[in-house]
Amino acid sequence: MKRMPRKSNQAFLNRKDVWQIVYVSFLIAGLGISAFKWLTLQDISTVVASTVTLNVIVVGKIFYLFNIRTPKPALSKDIFRNPMAFAIIAVLLILQAGITYLPFMQVIFSTANLDWHLWLIPVFAGIVVLIVTELDKLWGIRRQKRMIATWNQK
């Protein structure tokens, strides 16, 4: 609420925002496809592999949410600034557990029960998403500081 509203003739998304949406989408999709391929090569059923893939996408988006919530590093004191985000994530995880474990949802969505160790794959993928997007954020912060320093020297 401290920022001024954007001008009515200003684009909703700038070039950097569009780039980030594209590369994060490809990153999460690539992690999901990689998990599916790796699991099927391990003779895991395609239904279980696709369930893991679905969870890679959802957990990847949850970790990405932590990155985009604030311009500061995700794992700073600002992580608890918006408690509603945690409530929404809790609801999302409950729904995801329903898709994964409730028999009628398994029929609708063609999913299967996951052993606990298979949940490590989506969590690992989420951590990769968070690390990549945080590195991008830190690079942007450093670049902005350099630009400001250069501007102040002139």
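This report covers the annotated segments, the nonpolar cores, one buried glutamine and an aromatic pair in a predicted model.

## Annotated segments

An unreviewed UniProt entry carries the feature "transmembrane region" at residues 21-38, 44-64, 85-104 and 116-135. Two of these ranges can be set against the model's secondary structure.

Residues 21-38 are 100% helix and 0% strand. The C-alpha atoms at the ends of this range lie 26 Å apart. Residues 85-104 are 95% helix, again with 0% strand. Here the end C-alpha atoms are 28 Å apart.

## Nonpolar cores

The largest nonpolar core holds 17 residues. Leu 39, Val 52, Val 56, Leu 118 and Ile 121 have the most contacts inside it. Helix 1, helix 2 (46-68) and helix 5 (120-153) are the elements that each give two or more residues to this core. Helix 1 supplies the largest share, six residues.

Which residues does Ile 121 touch, once those up to four places away in sequence are set aside? They are Ala 35, Trp 38, Leu 39, Val 52 and Val 56. Among these partners, Leu 39, Val 52 and Val 56 are also listed with the most contacts inside the core.

A second core lies apart from the largest one and has nine residues. Its members include Ile 62, Phe 66, Ala 74 and Ile 89.

## Gln 20

Gln 20 sits in helix 1, which spans residues 15-41. Is this residue buried or exposed? Its relative accessible area is 11%. That is under the 20% cut-off, so Gln 20 counts as buried.

The contacts of Gln 20 reach well along the sequence numbering. Leaving out neighbours within four places, Gln 20 is in contact with Tyr 64, Asn 67, Ile 68 and Asp 136. Of these, Tyr 64, Asn 67 and Ile 68 fall within the range of helix 2 (46-68). Asp 136 falls within that of helix 5 (120-153).

## An aromatic pair in helix 1

The whole structure contains three aromatic pairs. One of them joins Trp 19 and Tyr 23. Their ring centres are 5.5 Å apart, and the planes meet at 40°. The pair is tilted because that angle is neither under 30 degrees nor over 60.

Both residues belong to helix 1. They are four residues apart, about one turn of the helix. Their accessibility differs. Trp 19 is exposed, because its relative accessible area of 52% is over the 50% limit. Tyr 23 is at 14%, under the 20% cut-off, and therefore counts as buried.

Definitions and conventions. Residues numbered from 1 in each chain as written. Predicted model: local features only at pLDDT ≥ 70, side-chain atom pairs only at ≥ 80, totals over all residues. Heavy atoms only, no water. UniProt positions renumbered as here; feature names shortened; annotations may be inferred. Buried < 20%, exposed > 50% of the residue type's maximum accessible area, 1.4 Å probe, protein only. Contact = heavy atoms within 4.5 Å. Core = buried A, V, L, I, M, F, W, Y, C linked by side-chain atoms within 4.5 Å. Phe/Tyr/Trp six-rings, centres within 6.5 Å; stacked < 30°, edge-to-face > 60°.
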